[in-house]
Amino acid sequence: MPETEPPSSPADPPDFSAPSTPSAPSPERPTATHCPYCALQCGTLLTGARGAVVAQPDPAFPANRGSLCHKGWTAAAVLGAPDRLTAPLVRDAAGRLAPGGWDEALDLVAGRLRSLRAAHGPDSVAVLGGGALTNEKAYLLGKFARLALGTSRIDYNGRFCMASAAVAQTAAFGVDRGLPFPVTDLDDAETVLLAGTNPAETMPPLMRHLDRADLIVVDPRRTRTAAAAALHLRPAPGTDLALALGLLHLAVTEGLLDKAYVSERTSGFDETWARASSWWPERVETVTGVSAADLRTAVRMLAGGRRSYVLTGRGAEQQSKGSDTVAAFANLALALGLPGRPGRGFGTLTGQGNGQGGRELGQKADQLPGYRSITDPAARARVAAVWGVEPDRLPGPGISAYELLDAIGGPGGPRALLVFGCNPVVSAPDAGRIAERLAALDLLVVADFVPSETALAADVVLPVTQWAEEEGTVTNLEGRVLRRHRLLDPPPGVLPDPAVLRALAVRLGEPAARYPDAPREIFEELRAATRGAPADYSGVDYDRLDAGEALHWPCPEGGDGTPRMFLDRFAHPDGRARFTPVEHRDSAERPGPAFPLYATTGRILAHYQTGAQTRRVPELLEAAPAPFVQVHPDTAARAGLTDGQSARVVSARGEVVAEVRCDASMRTDTVFVPFHFPGAGRANLFTSAALDPRSRMPEFKVCAVRLEAAR
Ligand SMILES: Nc1nc2c(c(=O)[nH]1)N[C@H]1C(S)=C(S)[C@@H](COP(=O)(O)OP(=O)(O)OC[C@H]3O[C@@H](n4cnc5c(=O)[nH]c(N)nc54)[C@H](O)[C@@H]3O)O[C@H]1N2
Ligand SMILES: Nc1nc2c(c(=O)[nH]1)N[C@H]1C(S)=C(S)[C@@H](COP(=O)(O)OP(=O)(O)OC[C@H]3O[C@@H](n4cnc5c(=O)[nH]c(N)nc54)[C@H](O)[C@@H]3O)O[C@H]1N2
Ligand code: SF4
Ligand SMILES: [Mo]
């Protein structure tokens with residue numbers, strides 16, 4: 001049922017930033033760095049020695065303004081996780097992972113890679129990277145795959161996260177930067193539409209920038225964010241595209257179209273309107289369940305010269321039509337004249353710590369550093385020159401993360417996989433199938449600092465350093481390049497990822513000089529490789545960052561960066577933003593007799609992603625110890641279940657065991673399961689691997705299930 005909430009009282013803002021129990025400030029000079037988790041990259045001050053590190057918010061950093069979420073306060077615990085990896089592990093004849101030396105492990109990996117390559121060609125070796133890697137690591141991993149391995153098969157977990165946003169933003173604006181404006185711009189917003197994002201749990205300090213705005217939250221669940229909203233639109237999962245078309249329809253029919261902006265700054269409106277014109281509000285109500293009256297209220301709140309923003313998150317994006325859905329929200333924003341104007345805008349909320357840098361520095365199947373296309377001859381020549389090789393040494397485009405995993409064991413599929421910064425046994429859709437595919441590999445190598453579920457399935461595990469033990473940079477959700485600083489020396493036996501890549505490259509016959517392992521040196525090369533590219537980092541350097549400069553890309557050499565993009569022109573050659581004509585379609589799977597409910601998945605405050613890190617923090621594990629299924633009490637009762645009982649959530653692919661958590665604010669046709677838990681509680685055992693045809697992003701947010709009592 002649709003519902004409308006009164007605006008939250010500004011006098012009584014909810015406290016989203018669980019203060020936890022911060023320890024007393026240390027007399028030592030703190031190390032200023034950034035949180036290891038999400039894309040807000042809260043400024044963090046670290047003090048203390050190994051075993052007693054204290055993380056506190058950095059009041060000087062504007063994105064978090066002196067606050068951290070529960071995960072940020074407790075992040076240091078992972079540095080001293082009792083099962084921290086401190087020696088390479090190699091699977092022995094008895095099938096056990098046994099500790100050994102670095103030379104032994106690296107020689108073994110390089111030897112096996114060489115023989116697989118000789119027997120089956122370079123594409124028999126694949127690489128999976130991650131959005132947690134620093135810019136330096138992501139850059140070096142892409143170079144290592146293309147040159148040392150010569151494989152086209154590299155992709156990363158951002159394919160599960162940001163790929164639909166990237167496709168839609170690139171098509172609309174000519175370049176994809178999550179937020180093309182600083183987060184602090186949101187402080188002055190009057191209305192913010194949040195489509196499929198729950199920042200009160202996924203980026204709590206961001207709520208401090210939103211607490212003066214009237215929020216319109218589009219989410220099938222009444223989340224903490226929805227509870228703070230002026231208007232909560234509660235569509236059925238997978239129907240956002242129809243909803244966005246309906247909002248565009250109303251913007252036009254209510255006379256709220258910004259005609260001057262549309263004619264001066266955009267192209268393609270007529271074709272887009274031709275599609276949207278049949279999405280009258282009553283039709284949208286039938287498809288989404290959101291009332292025509294609420295749709296009208298939402299458009300009026302956004303339009304009429306208000307300082308409005310439209311922001312999307314994974315709820316709208318992780319669908320088999322995610323890129324069209326983001327495009328539909330971008331169309332709405334363009335019709336209202338929001339993008340590229342001060343105090344207004346459109347953006348997508350990047351997720352992982354380096355979700356932005358990770359998606360533009362060359363670990364994606366179709367990309368070279370700087371958002372250059374791997375099929376563009378000029379881009380290939382430019383990057384090859386920086387790398388000191390002929391352009392034809394660079395392989396062509398590879399396949400997307402899910403397709404790469406799915407192809408293992410098939411004809412011409414990968415036989416070896418190197419994983420840096422991802423835990424697909426828990427995070428990939430249809431995870432039962434992916435675990436089977438991984439078991440079919442001749443060689444699985446995982447670099448990690450904890451024994452993740454994927455590491456435990458590996459043939460060789462390489463122990464690496466973590467955040468507070470390294471230098472480097474990350475790029476946060478507003479495109480700002482930030483410095484990570486090292487507080488601690490790494491524990492003995494552990495190497496930084498770049499040193500691992502270099503050691504492997506040398507064993508594969510590459511010159512050592514091609515693989516610098518000092519972060520500053522890698523960054524200097526990355527600057528050269530991105531010079532003149534859409535994501536241009538050439539004007540950024542460690543000294544400027546260390547001096548406290550706020551540098552947002554594009555930042556050409558000698559410039560001061562671009563905190564606000566598109567103020568004069570969009571990044572398409574004609575300077576105009578483009579409307580994208582899109583049409584609503586059903587999700588790949590819809591509830592039916594055997595599986596009558598929608599299942600959707602996502603996050604809760606206490607855990608980060610697959611929990612590989614946060615389930616090792618006692619305080620967070622205590623806050624959220626086990627998987628649960630959030631369900632309307634009537635729906636639970638129909639399955640013979642009540643609060644606290646153990647249930648099975650069953651789809652055509654697999655089933656998950658989770659504790660019933662009754663919540664009368666849920667839609668009666670929808671259940672929600674967080675994806676942070678391993679084993680039998682893995683939400684991805686039931687999710688669908690239906691992919692968006694343009695972004696190749698999986699439909700994590702919609703599938704059909706039934707609910708049963710656990711056996
Ligand atoms: N605590 C915590 N914070 C995190 C992370 C974490 O794991 N834990 N991960 C980080 C990362 S990588 C990411 S990508 C971000 C993600 O941040 P968000 O996008 O905020 O997180 P999700 O919980 O995946 O999805 C948001 C909401 O989408 C809703 N939703 C489900 N289906 C639909 C649908 O069909 N339509 C709409 N409109 N909404 C739907 C869910 O109910 C959920 O409340 O969070 C980052 N921050
Ligand atoms: N059902 C469902 N599934 C989802 C989602 C959903 O909403 N629902 N969301 C998707 C999204 S948005 C995302 S981003 C993915 C996340 O999925 P994953 O990336 O697989 O999840 P993480 O737990 O972040 O795993 C990262 C691993 O890398 C390790 N690591 C961290 N930093 C480094 C480093 O610097 N070097 C190395 N070598 N290792 C490192 C961590 O210890 C951890 O084991 O999950 C996706 N899966
Ligand atoms: S997890 Fe995200 S919101 Fe929480 S402290 Fe870290 S960067 Fe900030
Ligand atoms: Mo993500």
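These legends describe close-up views of the two ligand sites in a predicted model.

**View 1. The residues around ligand 2.** The shell around ligand 2 holds 30 residues. The closest are Asn 157, Asn 423, Ser 427, Asp 448 and Thr 610. Sorted by class, the shell has twelve nonpolar residues, 13 polar ones and five charged ones.

**View 2. Polar contacts of ligand 2.** Three side chains are picked out here. Asp 497 places a polar side-chain atom 2.8 Å from a nitrogen atom of ligand 2. Thr 601 also faces a nitrogen atom of the ligand, with a polar side-chain atom at 2.9 Å. Thr 610 pairs with an oxygen atom instead, and the distance is 2.6 Å. On its own, ligand 2 has 920 Å² of accessible area, and the protein covers 98% of it.

**View 3. The space and the domains around ligand 2.** Which cavity does ligand 2 take up? The space taken by ligand 2 is the largest cavity. Two domains help to build the shell. Domain 2 (89-160 + 354-470 + 491-518) gives at least three residues, and domain 4 (597-709) also gives at least three.

**View 4. The residues around ligand 1.** Ligand 1 has 32 residues around it. Asp 219, Asp 240, Arg 603, His 607 and Gln 609 come nearest. By class, the shell splits into eight nonpolar, 16 polar and eight charged residues.

**View 5. Polar contacts of ligand 1.** Look for nitrogen atoms of the ligand in this view. Val 218 uses its backbone: an N or O atom there lies 3.1 Å from a nitrogen atom of ligand 1. Asp 240 uses its side chain, where an N or O atom is 2.5 Å from a ligand nitrogen. Thr 600 brings a polar side-chain atom to 2.9 Å from a nitrogen atom of ligand 1. How much of ligand 1 does the protein bury? Taken alone, the ligand exposes 910 Å², and the protein buries 99% of that.

**View 6. The elements and domains around ligand 1.** Ligand 1 sits in the second largest cavity. Helix H5 (199-202) supplies at least two residues of its shell. Helix H13 (314-317) and strand E23 (597-602) each supply at least two as well. Why does ligand 1 lie between two domains? Domain 3 (163-349) and domain 4 (597-709) both give residues to the shell, so ligand 1 lies between them.

How values were computed:
Residues are numbered from 1 along each chain as its sequence is written. Chains are lettered from A and ligands numbered from 1 in the order in which they are written. This is a predicted model: local features need pLDDT of at least 70, side-chain atom pairs count only at pLDDT 80 or more; totals for chains, interfaces and linings use all residues. Side-chain values use heavy atoms; hydrogens and water are left out. A residue is near a molecule or strand if one of its heavy atoms lies within 4 Å of it. A polar contact is a pair of N or O atoms within 3.5 Å; within protein, one must be able to donate a hydrogen and the other to accept it, and residues adjacent in sequence count only if both atoms are side-chain atoms. Accessible areas come from the Shrake-Rupley method with a 1.4 Å probe; for residues, only the protein chains shown count as cover. On a 1 Å grid over the protein atoms alone, a cavity is a set of points where a 1.4 Å probe fits but cannot get out, and a pocket is an open set with protein on both sides within 12 Å along at least five of seven lines; lining residues have an atom within 4 Å of a point. A molecule sits in a cavity or pocket if more than half of its atoms lie within 2 Å of its grid points. Ala, Val, Leu, Ile, Met, Phe, Trp, Tyr, Cys and Pro count as nonpolar, Asp, Glu, Lys and Arg as charged, and the others, Gly among them, as polar. Domain bounds come from an automatic or database domain assignment. Helices (H or I, at least four residues) and strands (E, at least two) are DSSP runs, numbered from the N terminus.
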